[in-house]
Amino acid sequence: MAMSKSANGETYGDATTGLLRDSDANDEFFMGFALNEARLARDEGEVPIGAVVVIENKITGSGRNHPIGSNDPTAHAEILALREAARRVGNYRLTEATLYVTIEPCAMCAGALVNARVKRLVYGAADLRAGGVSTVFQICANSSLNHQVEVTSGVRAEEGRRLMQTFFRQRRKTGADADGEKIINPEDNS
């Protein structure tokens, strides 16, 4: 059974499996790299989400949202980080990996975590509209699937949340859509 732990230390699931492998300090440390990736995404005009894959306390993959610039709807931070880690390891199964991501993964990314057999997920802020792990769907803990992922949530959540809120506030202020294009109101004939 997978075990879940929130940043405040509450444990959910089977506590008999022992303590989580990585310390809280490690989680905050590696989340810092994911936050840096998110800032790079923001600077490129992408939604500011960043991710890193860690195996044996080494970053083996990193990614930031890039669907707009790559014209690829699957180019989410988590997917790009998983792809890089799998290439480096030489295996699509990442059974000893921990993925750190600034925002709760969507359903597609949560499914990729299960398919890659990722051991552990650490995310920052919850995604109340499209979260695939805890808020809307519970894909990583679904016992109907052939793998469950240990989940820790809330790590440096306020930093990730603030990046997202600032990004979208600025987009609304400039009148740009998610692709950075100026929104044209067909009712406006000026």
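The predicted model contains 5 helices and 7 strands. Along the sequence, these elements follow the order β-β-α-β-β-α-α-β-α-β-β-α. The chain has 190 residues, and 44% of them are buried. Its exposed surface is about 10,100 Å². Carbon and sulfur atoms supply 51% of that area. Among contacts with a separation of 6 or more, 55% join residues 24 or more positions apart.

The largest nonpolar core holds 34 residues. Val53, Leu82, Leu94, Leu113, Leu121 and Cys140 have the most contacts inside this core. At least two core residues come from each of strand S3 (50-55), helix H3 (77-89), strand S5 (97-103), helix H4 (107-115), strand S6 (120-125) and H5. A separate core has 11 residues, including Met31, Leu35, Val52 and Val122.

Leu94 illustrates the packing within the larger set. Beyond its neighbours within four places in sequence, Leu94 contacts Ile55, Leu82, Ala85, Ala86, Val89, Ala116, Arg117, Val118 and Lys119. One of these partners, Leu82, also ranks with the residues that have the most contacts inside the largest nonpolar core.

Helix H4 carries a run of buried residues: Cys109, Ala110, Gly111, Ala112, Leu113 and Val114. The cover over the buried residues of H4 includes H3, S5 and S6. Within H4, Ala112 counts as buried because its relative accessibility is 19%, under the 20% cut-off. Ala112 touches Ile79 and Leu82, leaving out residues up to four places away in sequence. The C-alpha atoms of Ala112 and Cys140 are 9.6 Å apart, although 28 residues separate the two in sequence. Just after H4, Arg117 has a positive phi of about 60 degrees.

Positive phi values also occur in two loops. Most residues other than glycine have a negative phi. Glu56 departs from this, with a positive phi near 50 degrees. Glu56 sits in the loop between S3 and strand S4 (58-64). Its relative accessible area is 59%, so Glu56 is classed as exposed. Asn71 likewise has a positive phi near 50 degrees. Asn71 belongs to the loop between H2 and H3. With a relative accessible area of 70%, Asn71 is exposed too.

The surface was also examined for open space. Rolling a probe the size of a water molecule over the atoms shows where empty space is left. The largest pocket encloses about 690 Å³. Its lining has 27 residues, of which Val47, Ile103, Asp127, Met164 and Phe168 are the closest to the pocket centre. Two elements, helix H2 (67-70) and helix H5 (157-174), each give two or more residues to the lining. H5 makes the largest contribution, with 6 residues. By residue type, the lining of the largest pocket has 15 nonpolar, 9 charged and 3 polar members. H5 thus has two roles in the model: it supplies at least two residues of the largest nonpolar core, and it gives the largest share of the pocket lining.

Notes. Residues are numbered from 1 along each chain as its sequence is written. This is a predicted model: local features need pLDDT of at least 70, side-chain atom pairs count only at pLDDT 80 or more; totals for chains, interfaces and linings use all residues. Side-chain values use heavy atoms; hydrogens and water are left out. On a 1 Å grid over the protein atoms alone, a cavity is a set of points where a 1.4 Å probe fits but cannot get out, and a pocket is an open set with protein on both sides within 12 Å along at least five of seven lines; lining residues have an atom within 4 Å of a point. Grid points are joined across faces, edges and corners, and a volume is the space filled by probe spheres set on the points. Helices (H or I, at least four residues) and strands (E, at least two) are DSSP runs, numbered from the N terminus. Ala, Val, Leu, Ile, Met, Phe, Trp, Tyr, Cys and Pro count as nonpolar, Asp, Glu, Lys and Arg as charged, and the others, Gly among them, as polar. A nonpolar core is a set of buried Ala, Val, Leu, Ile, Met, Phe, Trp, Tyr and Cys residues joined through side-chain atoms within 4.5 Å. Buried means under 20% relative accessible area, exposed over 50%, partly exposed in between (1.4 Å probe, protein chains only). Contact means heavy atoms within 4.5 Å. Accessible areas come from the Shrake-Rupley method with a 1.4 Å probe; for residues, only the protein chains shown count as cover.
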